[in-house]
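Me: I would like a close look at one part of this model, with the surroundings described as far as they bear on it. Please keep the account plain.

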Amino acid sequence: MIETVVKPAVVLGGDLGGTSTRVLVARADGRRLGTGRAGPGNPTSSPELAASSLAAALATALQDVDPACVDRVVLGVAGGSALASGPRREEFARVLSGAGLRVAPQYVGDVHVAYAAGTAAADGAVLVAGTGASVGQVRGGLLVRTASGHGWLLGDDGSGYWLGREAVRAALVALDAGEVPAGLPRTTLTLLAGLAGPQSLGEVPRAVDEPSRAAWTALLVRTDTSRSPVRKADLAG
């Protein structure tokens, strides 16, 4: 009698967010086979980086794994609406096939990923508060309702982006009033001044006259707007 040996299924999961892209390859019994990490993977807020970040993370995660052995691919994607159709979806498909994967990916929202990472319970709720922010309700293992999570421009109140934006705005309000920002707005102004490099005005003063107020306002606006909008989330750290 010939004994049939059934190999454990191999799955690949990804967590593609506004800050980083993480990929894990594992057997169905839980044994890890490979991991990879790269830069921003949100195809909405970082469209110029998302696909290349996924490619880099896949290359590392699959370096000791035959991609043809992967039976299922599930990618949790922040800003995943950009993958519903069109060029971004096609770009991601090319990255996955280029990595040697032969199965079609399943895309799920980052809210669903966050819930699954926290519990195996079939019913519950999850709050995501990272670069973006959203809430989800799960019933029977399925995500049945969400709130917020509409991206940095339209929602995500309480997110890292929102905190950074409010701090920048508070610093500008203080400067517009002829005052020196204090507390978090002052810290934000100091951080952005440090990013200005050679154009920096040095340390944030304790008092401002009109010329220095105008100079600090221009430096703040110039430095902040020269960066990708979603990078405001960096200031929340």
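Which element gives the largest share of the lining of the largest pocket, and how many residues does that share hold? Please answer, then set the pocket in its context.

Reply: The element is helix 3, which provides 4 residues, the largest share of the lining of the largest pocket. The model is predicted, and every value below is computed from it.

The pocket itself comes first. Its volume is about 990 Å³. The lining of this largest pocket is made up of 42 residues, and those closest to the centre are Asn-42, Val-77, Ala-78, Gly-79 and Asp-110. Helix 3 spans residues 110-118, and other elements that give two or more residues to the lining are strand 1, strand 5, strand 7 (133-139) and strand 8 (142-148). Sorted by class, the lining of the largest pocket holds 20 polar, 17 nonpolar and 5 charged residues.

Helix 3 also appears in the second largest pocket, where it supplies at least two residues of the lining, as do strand 1, strand 2, strand 3, strand 4 and strand 5. The space in this second largest pocket is about 740 Å³. Its lining has 29 residues, and nearest the centre lie Gly-13, Gly-14, Val-113, Ala-116 and Ala-117. The class count for the second largest pocket is 16 nonpolar, 9 polar and 4 charged residues.

Next, the sheet. Its 5 strands form an open sheet in the order 3-2-1-4-5, and the pairing is mixed. Strand 3 (32-38) and strand 5 (105-109) are the edge strands, each paired on one side only. From one strand to the next, the twist averages 15°. Strands of a sheet pair through backbone hydrogen bonds, in either the parallel or the antiparallel sense. For strand 2 (residues 21-27) and strand 3 the sense is antiparallel, with 6 bridges. Within this pair, Val-25 stands opposite Gly-34 of strand 3.

Two helices lie across strands of the sheet. Helix 1 (residues 50-61) lies across strand 1 (10-16), strand 2, strand 3 and strand 4 (72-77), and its direction makes an angle of about 150° with strand 3. Helix 2 (residues 87-98) lies across strand 1, strand 4 and strand 5, and runs at about 130° to strand 5.

Strand 8, one of the elements in the lining of the largest pocket, contains Ser-148. This residue is not a glycine, yet its phi is positive, at about 60°. Ser-148 counts as partly exposed because its relative accessibility is 29%, which lies between the limits of 20% and 50%.

Helix 5 completes the account, with two residues picked out. Arg-186 lies in this helix, which covers residues 183-195. Although Arg belongs to the charged class, Arg-186 counts as buried because its relative accessibility is 15%, and the limit for buried is under 20%. Apart from neighbours within four places in sequence, its contacts are Val-180, Pro-181, Val-204, Pro-205 and Arg-206. Ala-193 is also in helix 5, and at 4% relative accessibility Ala-193 is therefore classed as buried. From Ala-193 to Glu-48 the C-alpha to C-alpha distance is 26 Å, and the two are 145 residues apart in sequence.

To return to the question, helix 3 gives 4 residues to the lining of the largest pocket, and helix 3 also supplies at least two residues to that of the second largest pocket.

Notes. Residues numbered from 1 in each chain as written. Predicted model: local features only at pLDDT ≥ 70, side-chain atom pairs only at ≥ 80, totals over all residues. Heavy atoms only, no water. Pairing = 2+ DSSP bridges. Axes fitted to C-alpha atoms, helices over the stretch in contact; angles between N-to-C directions. Contact = heavy atoms within 4.5 Å. 1 Å grid on protein atoms, 1.4 Å probe; cavity = no way out; pocket = protein on both sides within 12 Å on 5 of 7 lines; lining within 4 Å. Points joined across faces, edges and corners; volume = space filled by probe spheres on them. Buried < 20%, exposed > 50% of the residue type's maximum accessible area, 1.4 Å probe, protein only.
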